[in-house]
Amino acid sequence: MSTTRMLVLGCVHLIQPVHGYDVRKELLSWSADSWGNVAPGSIYNALKTLTKDGMLEVVDTDQQGARPARTTYRLTDDGYWELMSLVRDAWWNPQARQEQVFAGLSFMHLLPRAELIAALKQRVLSARAQQTSLEFQLVDVEALKPPQVGEMFRLWHRLGQATAEWAEALTERLERGEMKTADDPAWQPPRRSAG
């Protein structure tokens with residue numbers, strides 16, 4: 001799965017119709033270049049590829065003076081379903097890379113609350129199973145391998161523990177209704193009182 005693909009589709013979905021420059025600016029404001037390894041140039045390449053693949057459509061192209069032309073994009077139906085597939089994979093795949101999980105978190109509001117909770121509970125089970133497996137493996141590693149290999153297994157074990165604890169805490173927040181999900185009403189600005 002391409003993290004850049006998910007981020008670009010998701011960002012276009014959030015603020016469409018949108019210029020490529022604004023997609024780049026938005027993703028950089030999320031620090032996606034740091035945690036998602038998304039380079040500014042890859043954003044523009046993704047916009048072109050996604051358009052060619054029918055996931056995005058060009059709404060308009062305008063040019064002001066000597067500046068380069070600015071293209072405005074919108075998500076297609078195929079693009080929406082591709083985005084949903086990528087987000088679901090990030091949530092349900094326990095082998096998803098860290099940047100994919102982070103990108104999936106960026107768009108968790110697209111999934112229903114019950115699905116998010118179920119995916120998190122599955123992630124906890126997977127992390128706990130991996131921890132148990134590593135505990136058994138560590139006995140062999142400590143007896144047969146150099147000490148630094150054992151440290152790698154200890155770190156791996158701790159990362160699994162941290163993942164399980166994080167997923168349990170987020171599950172509780174979702175169960176309390178603290179996070180916005182797809183089945184919540186859309187946010188509305190507060191009404192001003194007449195007077």
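The largest cavity in this predicted model encloses about 40 Å³ of space. Under the rule applied here, the count is 1 cavity of 30 Å³ or more.

Which residues line the largest cavity? They are Ala90, Trp91, Val101, Leu105, Arg123 and Trp166. Sorted by class, this lining has 5 nonpolar residues, 1 charged residue and no polar ones. Arg counts as charged, and Arg123 is one of the lining residues. As for secondary structure, helix α5, residues 77-92, supplies at least two residues of the lining, and so does helix α6, residues 98-106.

Allow me to turn now to the sheet. It is an open sheet of 3 strands, and their order is β1-β3-β2, with antiparallel pairing. Why do two of these strands each have a side without a neighbour in the sheet? The strands in question, β1 at residues 18-19 and β2 at residues 56-62, stand at the edges and have a single partner strand each, so one side of each is left without a neighbour.

Let us look at one pairing in detail. Strand β2 is joined to β3, residues 70-75, by 6 bridges, and the two strands run antiparallel. Within this pairing, Asp62 stands opposite Arg70 of β3.

A helix also belongs to this part of the picture. Helix α4, spanning residues 40-52, packs on the sheet and touches both β2 and β3. The direction of α4 makes an angle of about 120° with that of β2.

To close, I would ask you to keep two places in view: the cavity lined in part by α5 and α6, and the sheet on which α4 packs.

Conventions: Residues numbered from 1 in each chain as written. Predicted model: local features only at pLDDT ≥ 70, side-chain atom pairs only at ≥ 80, totals over all residues. Heavy atoms only, no water. 1 Å grid on protein atoms, 1.4 Å probe; cavity = no way out; pocket = protein on both sides within 12 Å on 5 of 7 lines; lining within 4 Å. Points joined across faces, edges and corners; volume = space filled by probe spheres on them. Helix = DSSP H or I, 4+ residues; strand = E, 2+ residues; numbered from the N terminus. Pairing = 2+ DSSP bridges. Contact = heavy atoms within 4.5 Å. Axes fitted to C-alpha atoms, helices over the stretch in contact; angles between N-to-C directions.
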